[in-house]
Amino acid sequence: MSHESVDMKDIQGIVRFGYSALTEACFLLLTVRDATAARAWLKSAAVTTAEKLSKPPDTALQVAFTRAGLEALGVDEDVLAGFSAEFLSGMAGEDSRSRRLGDTGANSPNSWRWGGPGKIPHVLVMVYAKPGLLDGWMRTIQGEKWNAAFTLTDCLPTSDLQGMEPFGFKDGLSQPSLDWERKRDPRGDELEYENLLSLGEFLLGYPNEYSKYTSRPLLPADAPFSSVLPVAEDEPGMRDFGCNGTFLVFRQLDQDVRGFWRFVNKASDSNPQERQQLAEAMVGRGMNGTPLVPVVSKPIAGIDPGTAATNQFTYTSDPDGVRCPFGAHIRRANPRTPDLPAENNLISRLGHMLGFGNPRYRDDVIASSRFHRIVRRGREYGEKLTPEDAIRDDPNSAEHGIHFIGLVGNILRQFEFVQNSWVMGTKFDALSDESDPLLGNRSPIAGREANAFSRPRETGLERRYEGLPQFVTVRGGAYFFLPSLSALRYLAMLGQH
Amino acid sequence: MTPQSNFMIMATVTPSRDAELRSVLAEMNHEPGVVNPENALVPFEQLDCVHFARFVILEDKTLDDIRVYGLPRVDLPTYLAFLGDMDGSVEDFFAELVHKAGDGLRNIFMHCDGFTAGTDLLLWIREHNVIPGASYVNWVGRTTRQIREESALRNALVRFAKDNSDSLRGVAPAGIRDRLKTFVAGEVQAGRLALTHPAPTPFMWQLRNLINLLGMPILLVILSPLLLLALPFVLILLRIAEKSDPEVAPRVDAGHADLLASIEDHDVTNQFSAMGSVKPGLFRRMVMIGVLTVIDYTARHIFNRGRLARVISIQFARWVFLDGKRRVYFASNYDGSLESYMDDFINKVAFGLNVVFSNGIGYPRTNWLVLNGAKDELTFKNYLRRHQLPTQVWYNAFPGLTALDKWRNALIREGIEKPSMTDSEIREWLRLI
């Protein structure tokens with residue numbers, strides 16, 4: 001298969017880069033006050049692209065829109081109808097979606113600061129800069145049209161915790177690798193976990209892990225202004241509004257750092273060593289990022305040798321969850337499962353496919369990972385708080401948390417599936433009565449508790465912790481579309497005659 | 001062992017009483033998607049042998065699809081179906097049903113053609129029971145009584161292990177097991193736990209099962225010359241059909257999708273109901289009959305211990321021919337969300353889905369009957385959602401318990417009752433608790 005190469009200049013940079021050198025960042029939530037002014041601002045906005053520059057940038061600017069935002073800019077309903085149902089409905093659009101995402105009780109959108117009913121932003125402007133440059137860059141990007149164009153509804157600050165998340169763990173270590181070269185041809189069952197994924201999983205307009213193009217808005221070639229859009233690769237008669245764009249899932253997660261460390265401290269009888277071990281068992285990594293299961297020597301496709309020490313592992317060496325509990329956060333979020341747990345010979349594969357043989361009770365119970373991956377670009381907020389300080393009595397109630405930002409080509413199959421079946425799911429990997437030890441909302445389901453955490457032990461009976469309080473509360477969230485540069489140009493042209 | 005059986009009482013809804021029927025059924029729920037097990041019409045809680053049951057109105061919104069073959073739409077009736085899965089024989093169950101829910105059922109079936117105040121309910125139910133083309137039971141022989149007792153056993157053991165964690169620390173696996181066995185024996189003695197021995201397997205069921213087990217291969221051998229002769233023609237017909245059959249899988253409208261989603265995920269288990277028309281012509285009908293026969297046979301004799309091929313999440317399923325094999329209704333009770341269910345379909349058993357549903361109008365294009373089809377992810381998901389029906393009333397006797405939970409609890413009980421176990425067996429067993 002020969003494919004056209006990818007035009008990096010058409011893709012917003014956040015898809016390819018985390019901008020880790022740009023340690024200052026701020027996320028602006030806006031509503032469109034005046035569409036003409038907003039389009040004029042968009043036209044002049046210096047949106048950073050995925051192109052690799054000889055000198056990395058000192059600043060970056062990214063722009064994304066909710067459905068309401070696209071409507072406010074004048075995108076046609078016919079065009080919008082090409083988007084997926086979950087984007088159109090929104091993160092908080094349906095009770096059933098909230099139920100699946102665990103956004104009930106304290107997480108209910110009704111009590112969100114933003115993104116809940118009546119508080120849905122139109123535009124997300126993400127501003128990044130090197131230390132000391134953020135304020136100046138903010139002034140630069142706002143320009144003269146800004147005030148006429150937008151009403152600022154929220155400004156979400158971030159803080160630089162040097163790669164740690166607020167609980168004190170190294171974060172962002174595992175990311176899927178994107179097949180920018182377009183060499184991947186994912187056909188047939190994969191018998192080993194791989195970390196290199198088809199572009200279409202994270203960018204619209206390209207084949208995904210099913211070798212299919214995810215549906216997205218396509219415009220007839222004669223539609224107004226559509227000539228600025230690339231031609232749809234799978235339908236050459238159409239122009240592709242989605243191509244080189246993706247969906248951006250944003251969730252503001254308030255982390256109760258004091259509550260977390262106080263709980264694990266109490267559960268460990270205030271023994272600092274045991275306390276840390278329990279916290280690490282909940283996460284699935286050491287605080288420094290070392291995985292709890294040993295790394296393997298055999299390379300895994302899509303895992304850079306430079307990150308082998310933190311990432312070159314699967315859970316096949318730990319089938320009983322003795323090293324890394326089944327319910328640990330990172331084991332839930334990415335169980336690193338292949339398509340088919342079989343040997344590479346035809347008989348074994350056929351046997352597994354048909355479910356012959358005598359599979360044991362816990363064999364083959366988790367879905368294949370590669371259809372459920374997320375590129376994470378989150379940023380922390382709040383001051384650093386060490387475990388020692390967190391357990392100390394202190395009335396200081398300053399908020400800590402993370403602005404979770406996930407990029408996916410299919411919100412339902414990737415973000416919502418992971419959140420529902422793996423993170424919130426009380427039955428993940430044959431567990432019962434427990435959800436993610438960090439993210440779980442602890443709401444009972446069907447009369448059964450969801451607040452336990454179990455640590456299997458070599459010797460037999462597992463260590464079971466009960467009554468985990470909620471450590472993470474959702475404060476806001478929305479589904480955004482992160483358009484390509486050409487789609488941004490298209491948006492800027494709407495309304496012209 | 002007490003085998004499971006199923007029932008599906010089906011009757012045509014009187015069009016003028018459709019709306020009234022829906023509101024009567026809605027009264028059986030606390031809220032949409034959440035049944036009141038003690039409702040006044042069918043008090044499910046009193047029907048001890050029932051695993052799952054549902055009332056669903058089989059209203060087919062895809063009858064126009066046949067037009068893609070240039071054929072006129074046929075207005076097939078809308079049915080009310082009351083179906084469920086239970087332990088023991090259908091006859092015994094019907095008698096119990098009429099006894100415990102007679103008035104309620106009369107109230108409901110009053111909205112159907114041919115049912116009057118003077119109708120003999122038991123007779124009517126028997127006459128309106130539809131036998132499925134194929135059915136699947138996750139674990140043949142696992143009764144509601146067993147599930148109830150083993151769930152209580154596990155809960156008691158978890159509590160005991162938690163309360164005695166200090167005194168159990170450092171004890172060797174065999175010693176821990178002895179303590180647990182002693183505890184369980186005491187609880188059984190005190191009447192707080194029960195571990196009832198399974199009833200003997202009914203002789204007639206064993207005989208029928210054996211006849212089916214041997215009969216099918218014998219029949220196949222006898223027919224094999226014919227089948228071999230027919231095979232090339234079947235393949236040619238199949239390839240012609242596969243290349244020309246149109247797909248009908250537009251995005252479902254938001255209202256339909258939202259309605260379906262609103263009654264899902266109130267429990268860790270969900271219901272699924274779908275219906276559609278078989279592609280016109282004898283060929284597809286014959287393939288469908290053949291495929292369902294194979295599914296029924298393998299479900300009966302091979303996939304009867306926790307898995308349907310690789311799928312662990314289906315507790316009960318059935319495929320039912322309607323209207324002289326013009327249409328098929330599919331019903332299942334599955335663990336997890338619809339998205340994870342479809343993920344299983346696509347990634348684990350696409351071949352199985354394809355052989356059945358590719359004989360339905362509009363299914364995504366297959367290749368050699370087993371390839372592609374469901375692997376066309378988004379088209380397949382659209383197709384499925386489009387054919388899915390909202391279930392008006394859904395009862396699950398064990399909310400919060402998945403098929404895997406039930407399997408684990410049975411393994412825990414085995415470990416209590418086994419005369420001896422090795423140390424490594426015990427260690428593995430203890431991890432289940």
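This note walks through a few features of a predicted model, taking chain B before chain A.

1. The division of chain B is a useful place to begin. Domain 1 of chain B takes in residues 4–141 together with 201–396, while domain 2 of chain B is made up of residues 144–197 and 402–430. Between the C-alpha centres of these two domains of chain B there is a distance of 37 Å.

2. Where the two domains of chain B meet, 13 residues belonging to domain 1 are in contact with 6 residues belonging to domain 2. On the domain 1 side of this meeting, the residues that touch domain 2 of chain B comprise 4 nonpolar, 6 polar and 3 charged.

3. Strand 12 of chain B, covering residues 393–396, deserves a closer look. In a regular strand, side chains point alternately to the two faces of the sheet. In strand 12 of chain B, B:V393 and B:Y395 lie on one side and B:W394 and B:N396 on the other, and since all of these are buried, both faces of the strand are covered.

4. The pairing of strand 12 of chain B can be followed to strand 4 of chain B, residues 50–58: the two strands run antiparallel and are joined by 4 bridges. Within this part of chain B, B:N396 of strand 12 has B:F52 standing opposite.

5. Turning to chain A, strand 13 (residues 453–457) and strand 14 (residues 460–465) run antiparallel, with 4 bridges between them. The connection from strand 13 to strand 14 of chain A is a hairpin through 2 residues, and A:R457 has A:G460, in strand 14 of chain A, as its bridge partner.

Note on methods:
Residues numbered from 1 in each chain as written. Chains lettered and ligands numbered in written order. Predicted model: local features only at pLDDT ≥ 70, side-chain atom pairs only at ≥ 80, totals over all residues. Buried ≥ 20, exposed ≤ 12 C-beta atoms within 10 Å, placed from the backbone. Pairing = 2+ DSSP bridges. Domains from an automatic or database assignment. Contact = placed C-beta atoms within 7 Å. Nonpolar A, V, L, I, M, F, W, Y, C, P; charged D, E, K, R; others polar.
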